[in-house]
Amino acid sequence: MRSQRVEALQVAISAIIAVTTGALLYLPRPVVVRAGRDGWMAVGVAALLGMVLAWCWWALYFGPERAPGERTAGDRPGWGDRLLAAGFAGYVTYLAVVLVAQVTTVFATVLPEMPVAVFAAGTALTGWVLAAYGLEAVYRSGQVLFPLMVGASVLNLAVVLAGNVDMRELTPVLETGVGPVTTALPVAFAFSGASAVVLAAAGRLRDPGRVRWALPLAVALSGLLLVAYTAAAVAVLGASEVARSTFPVLSLIRQVRASLFLLRLEILTLFAWLTGAFVHLGLLLTAAGTAVARALPGRPQWHGVVTAVIAAGAGWVGVVAFASGPVLLHHVERFFPAVSIAGTAFLLAGGWLSLQARRSGRPRPPATPTGSPRMGGMEEPPREGPDPAETIPSSKASGPDASPNEGGSGSQVRSAEPGSRRAAALGMLALSAGLFLGGCYGRIEPEQAAVVTVLGIDRARGDRLLLTVEIVGAPTTGPREQPGSIAHRLLQAEGRSLLDAQRQLELLAGREILWSHVNVVLVGRDLARSGLEPVLDTLSRRYTFRRNAFLFVTDGPAGRFLQRLQPAFGAPRFVAFQRMMLRPSARLGPPIDLNAFLRTVGHGGEDPAVPVVDLAASTPSEPMVRRVALFRGLRMVALADEPATRGLYWLTGQQEVDRLVWPCPGDPPDRGFGVTAVRSSNRRSVRWTPAGPAASVRVRIEADVEEWQCPEPLTTSALPRAQAAAARAVGRDVAALLQLARREGIDPVGFGLELHRRDPAAWRGVSPQWRRRLASLRVGVQVDVHLRRTGLTMGAP
């Protein structure tokens, strides 16, 4: 037999996997609860501390080439060594329990139909299979899968950030000082302790000197990935939504919208996390099994049996002790930091005492060629004769008294032949690839499913809700239906609550209704005026409902609007909404999704504005947006007309390409010139003055002249006056919006949020009375219109 040897690169990769898979789904919530939008800074500081911890692991274990619990002096390990090994085994077993509970809780959320015990048993079994192959096989599996994990995580994060980020969520920085960041450090630093699982390989590295910088760098890279995901969660979901979310990263990755129809890309991050969790659990079980072998006074020879018992115990405790998500989250936020820091301190103290005892003990026996750092990274010259590791009896090689440099130790198990190792690596790769090939649990045939694409919600009599949905699916077999055709129809059901109405819809449809493809949500005017809190709370709780569905308000019942909407060529109704969102001429500004609405509600000093969808006057086949509904929190308070809506978009820089008629220079009656507004931008500033807050906005508009009906010819001298007349017309739109906002006590432009960013102290003093102060808020508006193009001719023909 040959003792298993691992490379420094494999140790570094395993450290990244151990830290990120344990913290990726958990970390944003507890640090944001404590530090607010500055939670990502706490993660960054914790990563720096984790680098120091990783260097300590090298100095105490990898440098001396001694794993926790291996003897320090003499032929037999002392009780101090056994205690250190037992503590290490207990710590990594605890981490295994938490990891199994995490996998179980996450997939109980994603696939609620699957029994919880199945997830726990499957996860524990996968980790045990990896551990049974031995230490080298686990590290090689992580090395093979690592590029796929990193690539999937980075790709999914990049796609999520496109078009979803609101950088205002990350500012102001340190508005309440470093105190909240300091309180979030323990829970952020606790996950760095998971890097201790690599200590099982401390005595069997080919070149321990390379770990001196590889391990701290690996912990820093894992911290950088966690910082990116924490900051992305805050910037996309909002600090308030992250603080109340169970697994913020699950909500984050479901915001992917590569196109209007390509939504299901969260499998990338789930794949990276799940495969990393399997390798992580294999590392934990291997480390626990080898540490138990060192801690026991006997000589256990069945490494696989020991790891199987630990795996079964971790799976059982993970299900019994953490039966629900809230219990696990409470434990991770309250108790996990204390346990992790205590375990880390124990390993640091034990490693230091072990190192001191080793230095004061007898010299070590001659070492086999391992590329020790004491020889400058060079291997010792080969000896003549048989390898002592091959001639040593198996009982001696596997016993706890064997030295790591004598060909085996209690932590070393029989390694596979090179062909077996390659087969194990290929088998793990095929198993991971199978995640993409396997179907969903509880698979539903197309003819048994009804896919909901558009959802309309109305207030019915009393407090009841009326749901109107468009379902798309395979039609029932009929004489006039073509094979493979797609049917779509409207269904309505009423219930005491949203969930009750959904249940009534499922009974009415006679099929399994799938809610994960809802792309458009319509809210009736009466429901919007009464408040959307119960509806949005129910929708945001469900994993199967996507928070990136577009939100619209209808001027009347949403169900009646869907019944009147008749897309051309018999297409489904969601196709008409897609055409509208792809055609700027059908809307004044960009659409808003549920996530952006909830994120804005959580802002201090900004109120959401939701587009109001109407039907075109000449045809019921095309929806269009020319107005917005203004909200105070979750309750609609006003419907803005088209000039006020345009004023809102001028002030926020969101005006889409639109054709307008502006008055001629001198404002003659019934005369004007037509333009196409190409783009607009704005610069807002809010400052605190002795008389109170004051705001200023500078709006810049670029437009092309399409027609000229003014009495004065269009010349270079008339162009500045035309631009001034256009600026006055834009100013009237802005004034209409500001007058409506002052009357209703709302802030759709976000002046309060801007004050919060620029002067947090002033905002804290004025925020309780902000809505009252809006009525007298001084707003200076400067409009610059640039007529950049006048066509190919200047004068009239």
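Reply: Let's start with a term: a salt bridge is a side-chain nitrogen of Lys or Arg within 4 Å of a carboxyl oxygen of Asp or Glu. Please keep in mind that the model above is predicted.

Me: Thanks! How far apart are the closest N and O atoms of Glu-754 and Arg-758?

Reply: They are 2.9 Å apart, and the two residues form a salt bridge. Both sit in helix H26, four residues from each other, or about one turn of the helix.

Me: Is Glu-754 buried or exposed?

Reply: Buried means under 20% relative accessible area. Glu-754 has 8%, so it is buried.

Me: How many salt bridges does a search of the whole structure find?

Reply: The search finds 35. One of them joins the side chains of Arg-464 and Glu-494, with 2.8 Å from N to O. Arg-464 is in the loop between strand E1 (449–459) and strand E2 (465–473), while Glu-494 is in strand E3 (residues 487–495), so this pair ties together parts that are 30 residues apart in sequence.

Me: What does relative accessibility say about Arg-464 and Glu-494?

Reply: Partly exposed covers the range between under 20% and over 50%. Arg-464, at 27%, counts as partly exposed, and Glu-494, at 22%, counts as partly exposed too.

Me: Which residue forms a salt bridge with Glu-622?

Reply: That is Arg-579, and the closest N and O atoms of the pair are 3.1 Å apart. Glu-622 lies in the loop between E8 and strand E9 (623–632) and Arg-579 in helix H22, so parts that are 43 residues apart in sequence are tied together. Glu-622 counts as buried at 18% relative accessibility, whereas Arg-579 counts as partly exposed at 28%.

Me: Which residues are linked in a network of salt bridges?

Reply: Look for Glu-241, Arg-244, Asp-537, Arg-541 and Arg-547, which are linked in such a network.

Me: Let's turn to empty space. How many cavities of 30 Å³ or more are there?

Reply: A cavity is a set of points where a 1.4 Å probe fits but cannot get out. Here the count comes to seven cavities of 30 Å³ or more. The largest has a volume of about 120 Å³.

Me: Which residues lie nearest the centre of the largest cavity?

Reply: They are Gly-22, Leu-95, Val-98, His-280 and Phe-336, out of 13 residues in the lining. Helix H1 (8–23), helix H4 (79–110) and helix H11 (267–295) each supply at least two lining residues. The largest share, four residues, comes from H4.

Me: What classes of residue make up the lining of the largest cavity?

Reply: There are 10 nonpolar, three polar and no charged residues in that lining.

Me: And how much space lies in the second largest pocket?

Reply: A pocket, unlike a cavity, is an open set of points. The second largest one holds about 1000 Å³ of space. It is lined by 40 residues, and Arg-168, Pro-590, Ala-596, Arg-599 and Gln-654 are the closest to its centre.

Me: Which element gives the most to the lining of the second largest pocket?

Reply: H23 does, with four residues. Several elements each supply at least two lining residues, including helix H22 (573–582), helix H23 (594–601) and strand E12 (672–689). By class, the lining of this pocket has 18 nonpolar, 10 polar and 12 charged residues.

Me: What about the surface: which residues make a nonpolar patch of about 270 Å²?

Reply: Leu-125, Val-129 and Tyr-133 make that patch. Val-129 is in helix H5 (residues 116–133) and counts as partly exposed, at 35% relative accessibility.

Me: Now the backbone. Which two residues does a cis peptide bond join?

Reply: Thr-171 and Pro-172 are joined this way, with omega at about 0 degrees. Pro-172 lies in the loop between helix H6 (135–161) and helix H7 (179–190). Leu-174 also lies in the loop between H6 and H7. Its phi is near 55 degrees, a positive value in a residue other than glycine. Leu-174 counts as partly exposed, at 32% relative accessibility.

Me: Where is Glu-65, and what is its phi?

Reply: Glu-65 is in the loop between helix H3 (39–62) and H4. Phi of Glu-65 is near 55 degrees, again a positive value in a residue other than glycine. At 2% relative accessibility, Glu-65 counts as buried.

How values were computed: Residues are numbered from 1 along each chain as its sequence is written. This is a predicted model: local features need pLDDT of at least 70, side-chain atom pairs count only at pLDDT 80 or more; totals for chains, interfaces and linings use all residues. Side-chain values use heavy atoms; hydrogens and water are left out. On a 1 Å grid over the protein atoms alone, a cavity is a set of points where a 1.4 Å probe fits but cannot get out, and a pocket is an open set with protein on both sides within 12 Å along at least five of seven lines; lining residues have an atom within 4 Å of a point. Grid points are joined across faces, edges and corners, and a volume is the space filled by probe spheres set on the points. Ala, Val, Leu, Ile, Met, Phe, Trp, Tyr, Cys and Pro count as nonpolar, Asp, Glu, Lys and Arg as charged, and the others, Gly among them, as polar. Buried means under 20% relative accessible area, exposed over 50%, partly exposed in between (1.4 Å probe, protein chains only). Patches are made of residues with over 30% relative accessible area and no salt bridge: like charges are joined within 9 Å, nonpolar side chains (Val, Leu, Ile, Met, Phe, Trp, Tyr) within 5 Å. Accessible areas come from the Shrake-Rupley method with a 1.4 Å probe; for residues, only the protein chains shown count as cover.
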